[in-house]
Amino acid sequence: MSAVARPRPPNPQPHRAPSANVDRFVRRAAGIAALALLLALAGCARPVGDFGRAAPDPLHDEVMPLLGTGRALLSKEPVSAFNLADQEREMRDRIWRYLIAPHAYDWFGANIAEFQRTRILPVSAKPMRTDLYYQWLHSERFASSRVRYARIADNVTTDIQMMPSAFASICAVREIDRQRGVADNGLADLDEKTKGDAAARQFENETQIAWFVRAVGNRSQSYSFALDHLLVETPHEEAVKVNGLLSDLEIYVEAAERGDFCSDLSLGRGSAAPAIRSRILRSDVLVKGS
């Protein structure tokens, strides 16, 4: 009598390492969880001191940058292990006021800017809206319609007054990077890690500077947008003063876009510098010229 054939047990499946898709999913989920935790912890943008200059704070200066560095490394972005030089720290603190708008609440998206500063989110080069400042002015219930012109004038004046120190800090950082380049090329036995950190720090510095340039351009365009619309909504002769201030601010904007941070561009408030884009009030009628 022949033996009854028994079914063979299935072959055990070999162990497989998690796929790249699963790995990416886990990393993304961890990133989302970290971001949600930060949103719950932070609840507000980076604290600022006088004139909107960054103020020290452990959460914003230690915890968030640590998480942001991890995200940047996972995304294979250049990350330098160098400590910040005094000039680099000074520049970051001084340009911060131009990346946010403490005088207009969240016109500039201060919370998003803080996530970009700490690299939890990459710095975005997308065009920025120019209507938000006017929307804020329009929605505020000022005692007089003339006060809106005064507010623009005050904000533009503060921006102008802080520009020389911001430009000087950027100039100093570019000099630091130049000196790094000289040392890098002149030291034959410099290790590759140090060379890589120097290149990554230059990338980080230039990312900050480019962000500043975009931000000041947007501020100028936003002020101009607001003035144009106020001249239709509530015309007043105060527009002449605001227009002059915007012409002064535009001189700095054009210098920033040229990368000219080391020239002396100091201007007095309401100076007689030639208008780059003029507005002339005549008999309560606005005539635009070039």
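## Exercises on a predicted model

Thr234 lies in the loop between H7 and H8. The structure is a predicted model, and the exercises below begin with this residue.

**Exercise 1.** Determine whether Thr234 is buried or exposed, and identify which residues Thr234 touches beyond four places away in sequence.

*Solution.* The relative accessibility of Thr234 is 17%. Buried means under 20% relative accessible area. Thr234 therefore counts as buried. When residues up to four places away in sequence are not counted, Thr234 touches Ser145 and Tyr149.

**Exercise 2.** Establish how the axes of H6 and H7 are arranged with respect to each other, and describe the contact of H6 with H7 by residue class.

*Solution.* The two axes, those of H6 and H7, come within 11 Å and cross at roughly 165°. Angles over 145 degrees count as roughly antiparallel. H6 and H7 are therefore roughly antiparallel to each other. The handedness of the crossing of H6 and H7 is left-handed. In the contact of H6 with H7 there are 17 nonpolar, three polar and ten charged residues.

**Exercise 3.** Describe the largest nonpolar core: state how many residues it has, which helices each supply at least two of them, and what Ile152 touches.

*Solution.* The largest nonpolar core has 45 residues, and Ile152, Phe167 and Phe212 are those with the most contacts inside it. At least two residues of this core come from each of helix H3 (86-99), helix H5 (132-139), helix H6 (146-186), helix H7 (192-233) and helix H8 (239-258). Next, consider Ile152. Apart from residues up to four places away in sequence, Ile152 touches Tyr133, Leu137, Tyr223, Ala226, Leu227, Leu230 and Val242.

**Exercise 4.** Locate Arg71, classify Arg71 as buried or exposed, and find its contacts beyond four places in sequence.

*Solution.* Arg71 belongs to helix H2 (residues 58-74). With 19% relative accessibility, Arg71 falls under the 20% limit and so counts as buried. Leaving aside neighbours within four places in sequence, Arg71 is in contact with Glu77, Arg119, Ile120, Leu121 and Pro122. For one of these, Arg119, a distance can be added: Arg71 and Arg119 are 48 residues apart along the chain, and their C-alpha atoms are separated by 7.2 Å.

**Exercise 5.** Place Ala168 in its element, and state how far apart Ala168 and Gln87 are in sequence and in space.

*Solution.* Ala168 is found in helix H6. Its relative accessible area is 44%, and Ala168 is partly exposed. Ala168 and Gln87 are 81 residues apart in sequence, while C-alpha to C-alpha they are 9.8 Å apart in space.

Terms used
Residues are numbered from 1 along each chain as its sequence is written. This is a predicted model: local features need pLDDT of at least 70, side-chain atom pairs count only at pLDDT 80 or more; totals for chains, interfaces and linings use all residues. Side-chain values use heavy atoms; hydrogens and water are left out. A nonpolar core is a set of buried Ala, Val, Leu, Ile, Met, Phe, Trp, Tyr and Cys residues joined through side-chain atoms within 4.5 Å. Buried means under 20% relative accessible area, exposed over 50%, partly exposed in between (1.4 Å probe, protein chains only). Helices (H or I, at least four residues) and strands (E, at least two) are DSSP runs, numbered from the N terminus. Contact means heavy atoms within 4.5 Å. Axes are lines fitted to C-alpha atoms, for helices over the stretch in contact, and angles run from 0 to 180 degrees between N-to-C directions. Angles under 35 degrees count as roughly parallel, over 145 as roughly antiparallel, 65 to 115 as roughly perpendicular and the rest as oblique. A crossing is left-handed if the near helix is turned anticlockwise from the far one by less than a right angle, and right-handed if clockwise. Ala, Val, Leu, Ile, Met, Phe, Trp, Tyr, Cys and Pro count as nonpolar, Asp, Glu, Lys and Arg as charged, and the others, Gly among them, as polar.
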